[in-house]
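Biologist: I would like to know how the labels on a structure are earned. Can we go through them one at a time?

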Amino acid sequence: MTKKVLGPKTHLCPMPVVLVGANVDERPNYLTVAFCGTVNFKPVIVAVGLGKTHHTNKGVRENGTFSINIPSAKMVVSSDYCGIHSGSKTDKSTIYGTFYGKLNTAPMIKECPLNFECKLLQTIDFPVDEMFIGEVVESYADQKYLTNGVPDAKKIHPILLTMPDNNYWSIGEPLGKAWEIGKKFRK
Ligand SMILES: Cc1cc2nc3c(=O)[nH]c(=O)nc-3n(C[C@H](O)[C@H](O)[C@H](O)COP(=O)(O)O)c2cc1C
């Protein structure tokens with residue numbers, strides 16, 4: 001097998017599409033983010049990579065709080081809108097309904113099936129982006145997106161992104177149970 005060398009690119013395939021929220025000058029602002037992941041199990045710690053010039057970053061720095069909201073596939077158009085318009089020029093505060101939780105300053109999106117309220121722990125400065133590392137102090141979900149009390153991906157219908165073709169995708173069928181299906185493996 002000959003591998004084609006592609007270079008150091010952002011091909012991680014697929015990436016989750018989330019909306020990161022922060023209060024900027026006391027108004028909620030949301031941007032679309034694909035550079036997002038969980039980095040610690042307990043406490044739950046997440047990291048997002050946000051371009052340093054983005055309007056949202058101001059709010060994260062000001063308040064030391066932010067939110068991660070999971071949009072569902074039916075929100076793909078408004079989610080993309082949040083990724084092509086900056087809050088520095090366009091007011092994005094009324095696109096969605098906003099609610100606040102324990103921290104009072106991390107705006108979360110009512111229409112998103114799942115919301116994570118985060119307290120900023122650390123900021124790492126990279127050449128283009130700054131990585132905001134935050135502890136999830138609470139998470140929220142509408143009852144209708146849960147099965148037996150836990151988030152159900154089929155009901156949530158999250159959005160995925162592939163680059164560099166820049167396509168949005170939805171998830172397909174489950175392949176099997178994690179931490180279980182591997183027990184069947186035989187060399
Ligand atoms: C699908 C998609 C994914 C994006 N992912 C990121 C990302 O991971 N990090 C980032 O800094 N910007 C990302 N962007 C760009 C920002 O969302 C965009 O520049 C936004 O307008 C910034 O908003 P703000 O200035 O109001 O904060 C993405 C945009 C789209 C459409």
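What follows is a talk about rings, cysteines, a ligand and some backbone angles.

Modeller: One thing to keep in mind: this is a predicted model.

Biologist: How many aromatic pairs does the count come to?

Modeller: Two aromatic pairs. Tyrosine 30 and tyrosine 96 form one of them.

Biologist: What makes tyrosine 30 and tyrosine 96 an edge-to-face pair?

Modeller: Take the distance, then the angle. The ring centres are 6.1 Å apart, and the cut-off for a pair is within 6.5 Å. The planes stand at 75°, and over 60 degrees counts as edge-to-face. Both tests are passed, so the label holds.

Biologist: Where do tyrosine 30 and tyrosine 96 sit in the chain?

Modeller: Tyrosine 30 is in strand β3, residues 27–33. Tyrosine 96 is in the loop between α2 and β7. They are 66 residues apart, so the pair links distant parts of the chain.

Biologist: Why are tyrosine 30 and tyrosine 96 called buried?

Modeller: Buried means under 20% relative accessible area. Tyrosine 30 has 0%. Tyrosine 96 has 7%. Each value is under the cut-off, so each residue is buried.

Biologist: Why are phenylalanine 99 and tyrosine 140 called an edge-to-face pair?

Modeller: Their ring centres are 5.4 Å apart and their planes are at 85°. The distance is within 6.5 Å and the angle is over 60 degrees, so the pair is edge-to-face. Phenylalanine 99 lies in strand β7 and tyrosine 140 in strand β10, so the pair ties together parts 41 residues apart in sequence.

Biologist: Why is tyrosine 140 called partly exposed?

Modeller: Its relative accessible area is 23%. Buried needs under 20% and exposed needs over 50%. The value for tyrosine 140 falls in between, so it is partly exposed.

Biologist: How do you know that cysteine 112 and cysteine 118 form no disulfide?

Modeller: A disulfide needs two cysteine sulfur atoms within 2.5 Å. For cysteine 112, the closest cysteine sulfur is in cysteine 82, 9.0 Å away. For cysteine 118, the closest is in cysteine 36, 8.4 Å away. Both distances are too far for a bond, so neither cysteine is in a disulfide. A search of the whole structure finds zero disulfides.

Biologist: Are cysteine 112 and cysteine 118 buried or exposed?

Modeller: Buried. Cysteine 112 is at 0% relative accessibility, and cysteine 118 is at 0% too.

Biologist: Now the ligand. How many residues surround it?

Modeller: There are 22, and Thr32, Gly51, Thr56, Ser86 and Gly87 are the closest.

Biologist: What makes the approach of threonine 56 to the ligand a polar contact?

Modeller: A side-chain N or O atom of threonine 56 is 2.5 Å from a ligand oxygen. The cut-off is within 3.5 Å, so this is a polar contact. The side chain of asparagine 29 also places a polar atom 2.9 Å from a ligand oxygen. Overall, the protein covers 85% of the 650 Å² of accessible area that the ligand has on its own.

Biologist: What makes glutamate 26 worth a remark?

Modeller: Its phi is near 65°, a positive value in a residue other than glycine. Most residues other than glycine have a negative phi.

Biologist: Why is glutamate 26 called exposed?

Modeller: Exposed means over 50% relative accessible area. Glutamate 26 has 75%, so it is exposed. It sits in the loop between β2 and β3.

Technical notes: Residues numbered from 1 in each chain as written. Predicted model: local features only at pLDDT ≥ 70, side-chain atom pairs only at ≥ 80, totals over all residues. Heavy atoms only, no water. Phe/Tyr/Trp six-rings, centres within 6.5 Å; stacked < 30°, edge-to-face > 60°. Helix = DSSP H or I, 4+ residues; strand = E, 2+ residues; numbered from the N terminus. Buried < 20%, exposed > 50% of the residue type's maximum accessible area, 1.4 Å probe, protein only. Near = heavy atom within 4 Å. Polar contact = N/O pair within 3.5 Å; in protein donor to acceptor, adjacent residues only side chain to side chain. Areas by Shrake-Rupley, 256 points an atom, 1.4 Å probe, with all protein chains shown as cover.
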